[in-house]
Amino acid sequence: MSTHDSAGGESLTGNTSASAPGDTGRPANPPSAKSPTGPEDVGPRADKRSERLVATCFGVSSLAAIAFLVVFWALPKTDVAYTPLLGVCLAVSLFGVGVGAILWAKKIMPDEEAVQERHPMYSTPEDAAKTAAVFAEGTEKTGVARRRLLRYSFLGAMGTLALPIVPIISDLGVHPRGNARQLKTSPWKKGDRLTTEEGAPVRIGDLEYGGILTVFPNGNTSPSNSLAPTVLIRLRAGENQPRPGRETWEVDGHVAYSAICTHAGCPAKLYEQQTHHMLCPCHQSTFLVTEHCRPIFGPAARPLPQLPLALDNEGFFVAGAAYQEPLGPSFWERS
Ligand code: FES
């Protein structure tokens with residue numbers, strides 16, 4: 001239904017003006033006209049066909065929303081098709097509802113033009129009653145009350161469309177308050193071997209002076225262990241200035257720090273061996289490795305957490321203890 005506004009009965013659009021052609025130079029149109037394309041003009045069989053078409057759109061939308069859930073839970077998040085499939089399912093679901101609604105309005109609801117009179121900015125009881133009647137009439141015209149197929153398919157599509165919101169919200173990550181203990185749990189524990197990304201354990205002597213290596217606990221490089229990446233750095237004797245109480249956390253000049261920036265969680269692994277600066281490329285936070293990775297530039301407010309080091313009987317590096325402080329962005333620590 002399209003509507004034209006008019007003042008005091010005179011149309012603002014011109015094509016429904018009541019004035020004579022000689023007054024405005026424009027032809028006068030009738031104040032309202034009925035379109036020849038209303039549902040009563042196309043017959044009951046075509047009407048049924050339209051109803052089924054709209055219901056099909058809503059049904060496709062529902063199936064796509066359910067497919068979203070199936071992909072979300074059944075496919076591994078590391079699968080290359082995971083994100084594209086989620087996007088396609090959500091797009092089809094939204095598209096189905098949108099197309100169904102448009103077809104409903106175009107093919108099933110009556111198409112007529114009307115002139116809306118401009119009126120004072122308050123409603124008399126009569127106007128309110130008229131509005132309620134128009135609303136009821138509009139609802140009746142949608143056919144929602146008597147077309148059960150349309151009603152149920154539409155309600156089904158709207159209901160299933162809301163389903164993807166549940167896993168999306170539940171996948172935003174741990175709640176900083178409700179799961180504070182989980183955030184403070186170290187992904188490393190005492191005795192875990194320091195291993196390369198390929199799973200090879202690191203032995204003393206593997207690193208040159210000034211060398212740096214990203215290590216994981218016992219070869220666990222799983223994305224769910226995203227706070228585990230740690231950098232092992234070899235300093236020259238006497239270069240390290242440990243924090244009081246952490247004198248035994250290094251092994252023969254080797255020190256280990258979390259590779260997750262304490263500002264916003266980017267990987268902070270750009271090591272400059274002449275200056276011993278560790279740079280985070282996201283917002284340029286710089287940490288001084290020889291001084292327990294304290295921040296000397298940029299937005300990071302606290303040092304990179306240090307992992308105590310030790311050697312096992314075979315000369316491989318192991319964690320001397322778990323991390324003693326929360327890993328990742330400082331936000332978690334404040335929670
Ligand atoms: S995340 Fe490292 S500086 Fe912002």
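Which residue of β8 is the bridge partner of R234? It is H254, and the tour starts from this pair. The model is predicted: local features need pLDDT of at least 70, side-chain atom pairs count only at pLDDT 80 or more, and totals for chains, interfaces and linings use all residues. Residues are numbered from 1 along each chain as its sequence is written.

Select residues 230-234, strand β7, together with β8; the two pair in the antiparallel sense over five bridges. Strands are DSSP runs of E of at least two residues, numbered from the N terminus, and two of them pair if DSSP finds at least two bridges between them.

Next, colour β8 (residues 254-258) by burial. A residue is buried if 20 or more other C-beta atoms, placed from the backbone, lie within 10 Å of its own. Five of the five residues of β8 are buried, so this strand is largely enclosed by the rest of the structure. One side carries H254, A256 and S258, and the other carries V255 and Y257.

Return to β7 and add β6 (residues 212-217). Four bridges join β6 to β7 in an antiparallel arrangement, with I212 opposite I233. Then add β5 (residues 194-195), which pairs with β6 over two antiparallel bridges; T195 stands opposite F216 there.

Finally, select the open sheet of four strands, ordered β9-β10-β11-β12 with antiparallel pairing. β9 (270-272) and β12 (294-297) are at the edges with a single partner strand each, so one side of each is left without a neighbour in the sheet. Three bridges join β9 to β10 (residues 277-279), and L270 has L279 as its bridge partner.

Note on methods:
Buried ≥ 20, exposed ≤ 12 C-beta atoms within 10 Å, placed from the backbone.
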